[in-house]
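Thank you all for coming; I would like to take a few minutes to walk through one structure with you. Please have the sequence and the coordinates open while I talk.

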Amino acid sequence: MKKIIVSQNEAGQRMDKLLAKYLSEAPKSFFYKMLRKKNITLNGKKADGNEKLNVGDEITFFLSDETFEKFAGKKAPISKEVSHAVKDAVKLTVLYEDEHLLFIDKPAGMLSQKAQPSDVSLNEHILAYLLRTKAISEEELTSFKPSICNRLDRNTSGIVAAGKSLKGIQQLGDMFQKRTMEKYYLTIVSGKISEESYVHGYLKKNEQANQVVVKKTPFEDAKEIETAYRPLAGNEKWTLLEVHLITGRTHQIRAHLASLGHPIVGDTKYGTRKINDMVKKKYHLSAQLLHAWRMKFSDTGGALAGVSGRQIVAPVPKKMNEILKGENIKWEHGVPED
C-alpha cells in the first residue's frame with residue numbers, strides 16, 4: 001500500500017492526470033480498472049478519476065510494491081539527469097524571485113527550451129538552480145516541474161519568466177496568452193528614426209525555412225501583428241529603439257522592422273549583409289542585437305501579487321553598450337516609468 005498527500009503544486013488538476021505522473025508506465029485502462037475495484041481511492045472513498053484535486057487530498061494505492069514500482073518505471077533521479085545535462089553550471093542572473101515566480105535575464109546564445117532531446121536549455125539551468133537552492137525537492141519533481149512561460153530566440157537576450165509553482169505557471173501563462181502585461185525590447189537598427197510609431201501588418205511563417213514573411217496587407221494564412229517603437233538615441237546611420245511588442249509572433253520584431261527598411265544590426269536572417277559583416281569584424285557580433293528589456297505588470301493578485309503594478313527590468317547587455325559607445329551614440333540609461 002502507498003499513500004500520496006496532494007501538494008499545492010498537484011492540486012487543481014484531475015485525479016487521473018496526477019495518477020499518470022506517478023504511474024507513467026501504466027495504460028489509462030489500468031487506472032480506471034483499479035478505481036472501479038477501489039484499489040485506488042480518494043480520501044478513503046471510491047473515485048472515478050475525474051475529480052479535481054485539492055491540497056491535502058489523500059490518494060491511497062492498494063497495490064503491491066512490485067506492481068507500483070513496475071508501473072512507476074525505473075527512472076533516474078531528476079537531480080542526476082539535470083546535473084548530467086548541466087555539466088558546467090551557469091550562474092543565472094535572477095531579476096526577481098518569490099515562491100511562485102522566477103524572472104531570469106537569459107544570455108544571448110542560450111536556448112529557452114529544448115529543440116532536440118540532447119539540448120541543454122534555460123529550463124534545465126532553472127531546474128538545477130531550484131534544486132541547488134532547495135526551492136524544490138526531488139520528490140516534488142516527480143509530479144511537477146517548474147517551467148518557463150515565454151520564449152526568446154536563442155540569440156535574443158533578456159527577460160524570461162518562469163513559474164515555480166503550478167499557480168505561478170497557470171497565471172503567467174494566462175497573462176501571456178491574453179497579453180495583459182506589456183513587453184518592451186531594446187535594439188539597434190539600421191537607419192535614422194526620429195519619431196515614435198505604431199505599425200500594423202501581417203505575418204506568415206515558413207516552417208521549413210524557420211523564417212517569416214511580413215506584409216502590410218492581408219495574405220493567405222497570415223496573422224495580424226502589431227508593433228510600436230520609439231527612438232531613444234542614434235546618429236545618421238543607426239538608431240537605438242525601444243520596441244513595444246504588442247502581439248508576439250515568431251520573429252515579429254526582427255521581420256517587422258526589416259520590412260520597414262530598418263533591419264536589426266547583426267541579424268543574419270532578416271538584416272543587411274554589408275552592415276552585418278562590418279559589426280562582425282569590428283565588434284565580433286554575429287547575431288541580432290535584440291534584448292527583452294522590461295515587462296510591466298498591471299495590478300493583479302494571486303500568484304502574481306509580488307509583481308503587481310511593477311516592472312521587471314533586465315540590465316542592458318555589455319555588447320549593446322560597447323556598440324553604442326563605439327558608434328558615439330549617447331544614451332542616458334534611465335528606465336521609463338510610462
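I will begin with the chain as a whole, then go on to the cores, a helix pair, a few individual residues and some backbone angles.

Let me say at the outset that this is a predicted model, and that every value I quote is computed from it. The chain has 338 residues, of which 47% count as buried, and its secondary structure comes to 9 helices and 14 strands. Along its principal axes the C-alpha trace spans about 75 × 45 × 40 Å. If we take the contacts in the chain with a separation of 6 or more, residues 24 or more positions apart account for 65% of them.

Now to the interior. The largest nonpolar core holds 31 residues, and within it L122, I126, Y185, I253 and L257 touch the most other members. At least two residues each are supplied to this core by the strands β5 (101–106), β7 (157–163), β8 (182–190), β12 (238–245) and β13 (290–296), and likewise by the helices α5 (122–132) and α7 (252–259). Which element gives the largest share of this core? That is α5, with 6 residues. There is also a second core lying apart from this one, made of 23 residues, and L18, F30, L53 and L63 are among them.

Staying with α5 for a moment, we can ask why it is described as largely enclosed by the rest of the structure. The reason is that 10 of its 11 residues are buried, and the buried residues are L122, N123, E124, H125, I126, L127, A128, Y129, L130 and L131. Just after α5, K134 takes a positive phi of about 60 degrees, a point I will return to when we come to the backbone.

L257, one of the residues that touch the most other members of the largest core, is in contact with T187, V189, Y229, L241, V243, H262, P263 and I264, if we leave aside its neighbours within four places in sequence.

Next, the helix pair. The axes of α1 (residues 15–22) and α2 (residues 28–36) come within 10 Å and cross at roughly 115 degrees, and the crossing is right-handed. On the α1 side the contact is made by M15, D16, L19 and A20, and on the α2 side by F31, Y32 and L35. Sorted by type, the residues of this contact divide into 6 nonpolar, no polar and 1 charged.

Let me turn to two residues of strand β12, namely T239 and E242. Is E242 buried or exposed? E242 is buried, because its relative accessible area is 3% and the cut-off for that class is under 20%. Its side chain makes a polar contact with the side chain of R230 at 2.9 Å, and another with the side chain of R294 at 2.8 Å. Beyond four places in sequence, the contacts of E242 are with Y184, Y185, L186, A228, Y229, R230, L232, W293, R294 and P336.

T239 also counts as buried, at 2% relative accessibility, and a polar atom of its side chain lies 2.9 Å from the backbone nitrogen of I193. With the neighbours within four places again left aside, T239 is in contact with T187, I188, V189, G191, K192, I193, P231, A233 and G234.

By way of contrast, E322 lies in helix α9 (residues 318–326) and, at 37% relative accessibility, counts as partly exposed. The C-alpha atoms of E322 and K216, which are 106 residues apart along the chain, are separated by 34 Å.

Finally, the backbone angles. Most residues other than glycine have a negative phi, so positive values deserve a mention. K38 has a phi near 60 degrees; K38 lies in the loop between α2 and β2 (40–42) and is partly exposed, at 42% relative accessibility. R179 has a phi near 55 degrees; R179 lies in the loop between α6 (166–178) and β8 and, at 44% relative accessibility, is partly exposed as well. To these we can add K134, just after α5, with its positive phi of about 60 degrees.

That is where I will stop, and I am glad to take questions.

Note on methods. Residues numbered from 1 in each chain as written. Predicted model: local features only at pLDDT ≥ 70, side-chain atom pairs only at ≥ 80, totals over all residues. Heavy atoms only, no water. Core = buried A, V, L, I, M, F, W, Y, C linked by side-chain atoms within 4.5 Å. Buried < 20%, exposed > 50% of the residue type's maximum accessible area, 1.4 Å probe, protein only. Helix = DSSP H or I, 4+ residues; strand = E, 2+ residues; numbered from the N terminus. Contact = heavy atoms within 4.5 Å. Axes fitted to C-alpha atoms, helices over the stretch in contact; angles between N-to-C directions. Left-handed = near helix turned anticlockwise from the far one by under 90°. Nonpolar A, V, L, I, M, F, W, Y, C, P; charged D, E, K, R; others polar. Polar contact = N/O pair within 3.5 Å; in protein donor to acceptor, adjacent residues only side chain to side chain.
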